[in-house]
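Me: Please go through the contact between the chains and the aromatic pairs in this structure, one point at a time.

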Amino acid sequence: MSDLDHDTGIAMPILEVRGVSKSFGGLQALFDISFEVLPATIHAVIGPNGAGKTTLFNAVTGVYVPDAGEIVYDGEAIQGRKPHAIAAKGIMRTFQNVELFGSMSVLENVLVGRHSRMRCGFWGAIGRLPWVRREEREARDRAMELLQFVGLEQVAGQPSTDLPFGWQRFLEIARAMGAEPRLMLLDEPASGLNPVETQRLGDLLLKIRDRGITLLLVEHDMSLTMGISDRILVLHQGRRLAEGTPREVQSNEAVIAAYLGKER
Amino acid sequence: MKFLLFAGAILVGGVLVKNPYHLQLLTFIGIYTLLALGLNMLMGYAGQISLGHAAFFGLGAYTTAVLTVHYGWSPWMSLPVALLLTACVSFLVALPMLKLHGFYLGMGTLGFGMIGYILFRGWARVTGGDSGLVGIPPLSVGSMELTSKTAYYFLVWFCVTVGFIVCERIVGSRMGRALRAIHDSEQAAGAMGVDTSRIKVNVFVLSAVFSALAGFLYAHMVTFISPSSFDFLVSVRMVTMVVIGGMASIWGSLLGASLLTLLPEWLHVFVDYEMMVYGLVLMVVMIFLPQGLTRGLMDAYERSRSRYRNRHANP
Amino acid sequence: MQELLQYFFSGITSGAVYAVIALGFTMLFNSTGLINFAQGEFVMLGALSLITLWRDFKLPLPLAFCLAVVGVAMVGILLERLAIRSVRKPHPIVLVIITVGASILLRGVAMLHWGKDAYSVRSFSRHPPIEIAGATLLPQSLWILAIVLLIVAGLQFFYRRTLTGKAMQACSINRKAASLLGIGSESMVLLAFGVSAAMGAVGGVLIAPITMSGYDMGTLLGLKGFCAAMLGGLGSSWGAVVGGLLLGILESLGVGFFSSSLKDAIAFLLLLLILYVRPSGLLGVKAVHRF
């Protein structure tokens, strides 16, 4: 694969977080966080509430600018870039509280996800030249494929807000895949899902990884996280507590202490 | 197809209506439709409010008026200048303004509209101050003056048709989706790769240019302009047209503009109640049908129809 | 020097009025996070009601003052009950349009009732103007300043010392948490609307003797009050006062040294400048999120 280093044959990380810190007022949300994510893996970030997981996501996707440290994606420092520029580079995300475009249909939501892969601007739209129509047609085909992939092709024309909550989560994943990302950040994708849906989600995430897309996910559902993740990063109060394979993390004493609580 | 029907209706209207007063009324509806259409792109689709668009309407009108009256330009020369000037001004205004959200954007645009009005009144040497500018030449094509009401009617509605086509194409494209995405969730739109600030500025300029075009047509139609045609109430009237017609509904702009032009004509006492009616309409529609009248009614219809269908599908 | 002093006097007079209007904005914003575009209309209603009650009905001034303020407060409460509370989607753009609608509606009603004329009324007391270093200070200015100071002190007392005031602050910080503690946020919002409308009315009552009052005075005064609130940092009571005074003085200097036709433009240019450059205001310490 192209991600392999030519000399050593070892996979180059697709995302490197180096010493990132972020504080809000007096609250230190992230403190000197470093880790690497290898391509085509599922990398989970876990930790109790307030551990800084969502802040970390927001730093990677450009919502926040880290106070210190570097975020390197595909060999290029991206910290401080605007969210849309980062998205255009192939990093897409989902949101903890599902942020769909409520006034649009299911299909249109996925089409917005494809925004950065299309070129048509205001003038292109007004002129409606052949290439614009071709681009639009291709985008629709591609979006339908993605809906099929997550199992929502039947409801493509429905308003997105009419979907049951669980389906909205799957739609958000399809929307994020619209941009053909190389790295996807999923913020608690299983929250609000029932066990059957969670099972389906796990299968879907594995299928996405097998397409060569790297997944970085924040998740509270431990059986899901332990079952599908290749590596797990544990945060606690903004600090890195441990990192390793699910097995290593499960047997790590610091993690057990933080989760079960020594004092309480 | 839709546009062929629309053009047909315009043609029939222009041929059948002979009463000059009615023709003038229809022409006014056309001008207001342009205003509502432009503002709807900004407000209805992108979800960015503007309470100062009358200033762009005025900028278009005053630019052409000053150039033709003071400097003797041909109106066709002043048209591109008016549009370009408005585009530049709106671009400069939009750059910082559209960083604001919600209430602040409302106040900012309101303040901008007020500044425009104060300049139209206060810069008397150029704009004629309160008494306005008289003697704006009518438009002419070659040596033929478009003085006949029918000719002007066709000109205005030609512009409206072009406006409709432009807006419909934008709405159905990648850009239209981006606008609605910004409306629904600016944060998610950004995360999907939509350059929200740039697109907001672009659509602001687009809507300002529409207003300027309407201002140009208005100035050469009535041949006399004064600041009171571009005050805060006019901005509110534009917002009301969009709200009645329906946020994010292109054809609703036509409905909103027609209603607000015809209502004062039908009800002569309306003049006194004009403001009360606008105020009530704005409040009631926003409280009960925040999508606007047309859109809200259409949604209600769709919902009842799908409920009906469901009931028949699973007895 | 004498001229400067004169500008200063007239500046703090109108500035104090802007300060009261700004306090109305601040107060409502603090407890609801909402900016009421009809705030200026409360000022207009206050001024015109005072004129009717005092000049035409010949009620004693204190009574007319109180009636006008209470009446306008009722209008504010009605606005909240009938319109704001029924909103299904409290999206800012919806609330902006609704309050703009309310402002136009109130304007229309006022035009029907009071007509298109502008009215004036004599000042509160019949003392002769006071001369200080060649500049004249109108007794009405003293009245205005005294009442504004009283209001600010009252507000401070209300927020710091009374249970209701503290509850109101709690609501603005976290509505859900406050309601869990048994503070009814609905009644707090209602109260905030009433008090902020009353504040606007006080501004109107104060300004009535020093200007011509008509049905269309509201928009301008509302915007200036908002400008003052922004200058001082939206949400801070002292900021509103300082912002109001600053705006008044700048305006009167502008009139003195440039031209009176640009007087109103000064406030708006200032407003735009503040919105662009320093949305937290001159005094605001905390970062205000421009949602």
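The questions below take the interface, then the aromatic rings, of this predicted model.

Me: How many residues does each chain bring to the contact, and what area is buried between chain A and chain B?

Reply: Chain A gives 29 residues to the contact and chain B gives 26 residues. Carbon and sulfur atoms account for 62% of the buried area. That area is about 2,700 Å².

Me: Which residues of chain A lose the most area to chain B?

Reply: Three residues lead on this side, and together they make up 27% of what the chain A side buries. They are A:His84, A:His115 and A:Phe122.

Me: How many salt bridges are there between chain A and chain B, and which residue does A:Glu136 meet in a salt bridge?

Reply: The count between the two chains is two salt bridges. In one of these, the N to O distance is 2.7 Å, which lies within the 4 Å cut-off. The side chain that A:Glu136 meets there is that of B:Arg177.

Me: Which elements of chain A each supply at least two residues of the side that touches chain B, and how do the residues of that side divide?

Reply: Twelve residue pairs are in polar contact across this interface, both residues being at pLDDT 80 or more. The elements of chain A that each supply at least two residues are α2 (83-88), β6 (91-93), α3 (106-113), α4 (122-127) and α5 (130-150). The residues of that side divide into 13 nonpolar, eight polar and eight charged.

Me: What kind of aromatic pair do B:Phe56 and B:Phe204 form?

Reply: A search of the whole structure gives 20 aromatic pairs over all chains. In the pair of B:Phe56 and B:Phe204, the ring centres are 5.7 Å apart and the planes are at 85°. B:Phe56 sits in helix α3 (residues 54-71) of chain B and B:Phe204 in helix α10 (residues 196-222), 148 residues apart. Planes over 60 degrees apart count as edge-to-face, so this pair is edge-to-face.

Me: Is B:Trp76 buried, partly exposed or exposed, and which is B:Phe216?

Reply: The two rings form a tilted pair, 6.3 Å centre to centre with 50° between the planes. B:Trp76 lies in helix α4 (residues 75-97) and B:Phe216 in helix α10 of chain B, so the pair ties together parts 140 residues apart in sequence. With a relative accessible area of 36%, B:Trp76 is partly exposed. B:Phe216, at 1% relative accessibility, is buried.

Me: Which residues form one aromatic cluster with B:Phe28?

Reply: The cluster is made up of residues of chain B. With B:Phe28 they are B:Tyr32, B:Phe57, B:Tyr62, B:Phe120, B:Tyr218 and B:Phe230.

Technical notes. Residues are numbered from 1 along each chain as its sequence is written. Chains are lettered from A and ligands numbered from 1 in the order in which they are written. This is a predicted model: local features need pLDDT of at least 70, side-chain atom pairs count only at pLDDT 80 or more; totals for chains, interfaces and linings use all residues. Side-chain values use heavy atoms; hydrogens and water are left out. Contact means heavy atoms within 4.5 Å. Buried area is the accessible area (1.4 Å probe) that two parts lose on being put together, summed over both. A polar contact is a pair of N or O atoms within 3.5 Å; within protein, one must be able to donate a hydrogen and the other to accept it, and residues adjacent in sequence count only if both atoms are side-chain atoms. Helices (H or I, at least four residues) and strands (E, at least two) are DSSP runs, numbered from the N terminus. Ala, Val, Leu, Ile, Met, Phe, Trp, Tyr, Cys and Pro count as nonpolar, Asp, Glu, Lys and Arg as charged, and the others, Gly among them, as polar. Rings of Phe, Tyr and Trp (its six-membered ring) pair if their centres lie within 6.5 Å; planes under 30 degrees apart count as stacked, over 60 as edge-to-face and the rest as tilted. Buried means under 20% relative accessible area, exposed over 50%, partly exposed in between (1.4 Å probe, protein chains only).
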